[in-house]
Each structure stands twice: as C-alpha cells, then as structure tokens.
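Q: Please give a close account of the side-chain pairings in this structure, beginning with those between charged groups. Please then place them in the context of the packing and the chain as a whole.

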Amino acid sequence: MTTYGTIPTASSSDDTPNLEYIVRAKEMIQEGLGTSRPWKIMFDFRSFSLPANLAEALFRLRANAAYFRMNYAIVILIIVFLSLLWHPVSLIVFIAMTAAWLYLYFQRDQPLVVFGRTIDDKTVLIGLGVLTVLVLLLTNVTWNVLGSLVTGVVVVAAHGVTRKTDDLLLDEEATGLIGSAGGGAASSSS
C-alpha cells in the first residue's frame, strides 16, 4: 500500500518534544518582543524638545522608560553587541550567556530541578548574574562592556528626557505616573 499524496497527521513521538520546545520558545520570544513599540513612533522627530524644568525631565524619562522599555533594552543590547565585535571570543561568550539566560530564566514555565532539588527563580537569577560577571572578568572585556552599558544608558536617558510624552497612549496605572506633575498623556489637551 502506498502513501503517496497523503499528509501525515502526526509526527513521530521522538520529534514531538523537540518541536513543542521550539514552538514554545518561538511564542515566548514573540510575546516578549511584542511589547516593543514601533520604531517610527520612537524616532518621530516632531516629538522632541527640551524639557522646561527638572520635574518635567524626570516625568518624561519615567514615562518614556515605561512606554519604550523593550525598545530601550534592544538599543542597549545592540550597543553592547557592537562593542564586542572587536573581541570575537567575548562575543561568542556573550551569545552563550544570552542563550543561558533565555533558557534558564526567561523561557522556563516550570521550576528548575538540578540533581533532584528544585531551585527557585531568585537563586537562578543570582547564579546567572554571578556567572555572567565571572565570565566577563575571564574574557578581559569588563571595562569594554561597562563602557558600552554606560553609553547605552546615556543614549536611552537622552532620548527619554528629550522625547515629549503628549502623543503616547500611556497606561498610567502600569507606569505608576498617576498624579505626577509635568504633563503626559493624561494631561494633554486636544
């Protein structure tokens, strides 16, 4: 009996767990990146101006950090990545550590079990943080990475302070900006 032209309805049982893991990882990455805002809105040049005072600058920074948080994280990671291009071994280590963070911390649905012991998220976070710092120290790019992180934070802060928040549709409860002075989406007038 031939099976030419038939479409299999299920894959073999050996492939199913791998396929499920890949699908779940893809969904989680898309869900995490789904919170990023359009870059066109982020870099709308008509929305830039200097703040009138320190209170307005701090309000803008908090509002923009809440609204563009995923975009800002991507900008900082790109700056760190670019700083490592001249250190290929460190770049490979950076990619490996990123994979470890994704697998061990961000994509887990169930508690981590090592040698029959359940490890909580706080311990995983501390362990990965310490491991990341140690790996950076071993690859001799600590000052390079710290410099690129500071550069990224300065770039993000400059954007956050100079971009007006009048056109952003902020969820004030989520950002914690209810009752803050300095303007924003809630106090903008048409």
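A: Two salt bridges are found when the whole structure is searched, a salt bridge being a side-chain nitrogen of Lys or Arg within 4 Å of a carboxyl oxygen of Asp or Glu. The model is predicted, so local features are taken only at a pLDDT of at least 70 and side-chain atom pairs only at 80 or more, while totals for chains, interfaces and linings use all residues. Residues are numbered from 1 along each chain as its sequence is written, and side-chain values rest on heavy atoms, with hydrogens and water left out.

One bridge joins R60 to E56, whose closest N and O atoms lie 3.0 Å apart. Both residues belong to helix 3 (residues 54-67), where they are four residues apart, about one turn of the helix. Helices here are DSSP runs of H or I with at least four residues, strands are runs of E with at least two, and both are numbered from the N terminus. R60 and E56 are both buried, that is, under 20% relative accessible area; exposed means over 50% and partly exposed covers the range in between (1.4 Å probe, protein chains only). The other bridge links the side chains of R46 and D44, with an N to O distance of 3.2 Å. R46 is exposed, its relative accessible area being 68%. Side chains of opposite charge can pair when their charged atoms come close.

The aromatic residues also pair: the whole structure holds four aromatic pairs. Rings of Phe, Tyr and Trp (its six-membered ring) count as a pair when their centres lie within 6.5 Å; planes under 30 degrees apart are called stacked, over 60 edge-to-face, and the rest tilted. F45 and F48 have ring centres 6.2 Å apart and planes at 35°, so this pair is tilted. F45 is exposed at 70% relative accessibility, whereas F48 is partly exposed at 26%. Y67 and F68 have ring centres 4.9 Å apart and planes at 90°, so they meet edge-to-face. Y67 is buried at 10% relative accessibility, and F68 is buried at 0%. Together with Y72, Y67 and F68 form one aromatic cluster.

The members of that cluster recur in the largest nonpolar core, whose nine residues are M42, Y67, F68, Y72, V75, I76, I79, V156 and L168. Such a core is a set of buried Ala, Val, Leu, Ile, Met, Phe, Trp, Tyr and Cys residues joined through side-chain atoms within 4.5 Å. Helix 4 (residues 69-83) supplies its largest share, four residues. Leaving aside residues up to four places away in sequence, V75 touches W39, M42, V155 and V156, a contact being heavy atoms within 4.5 Å. I79, which lies in helix 4, touches S148, T151, G152 and V155 on the same count. The C-alpha atoms of I79 and V153 are 9.9 Å apart, although 74 residues separate the two along the chain. A second, separate core has seven residues, among them M97, A100, V124 and V135. In soluble globular proteins, nonpolar side chains tend to be buried together.

These elements belong to a chain of eight helices and two strands, arranged along the sequence as α-α-α-α-α-β-β-α-α-α. Two of its loops hold residues with a positive phi that are not glycine. F115 has a phi near 55° and sits between strand 1 (112-114) and strand 2 (117-119); F115 is exposed at 85% relative accessible area. N140 has a phi of about 60° and sits between helix 6 (121-138) and helix 7 (142-162); N140 is exposed at 67%.

Of the 190 residues in the chain, 25% are buried. Among contacts with a separation of 6 or more, 75% join residues 24 or more positions apart. The chain exposes about 13400 Å², of which carbon and sulfur atoms supply 67%; accessible areas come from the Shrake-Rupley method with a 1.4 Å probe, and for residues only the protein chains shown count as cover.

Finally, the pLDDT, the predictor's confidence in each residue from 0 to 100, averages 75 over the chain, and 69% of the residues score at least 70. Residues 171-175 fall below 50, and beyond near neighbours in sequence this stretch has six contacts in the model. Residues 178-190 also stay under 50, with 18 contacts beyond four places in sequence. Where pLDDT is low, the predicted coordinates should not be read in detail.
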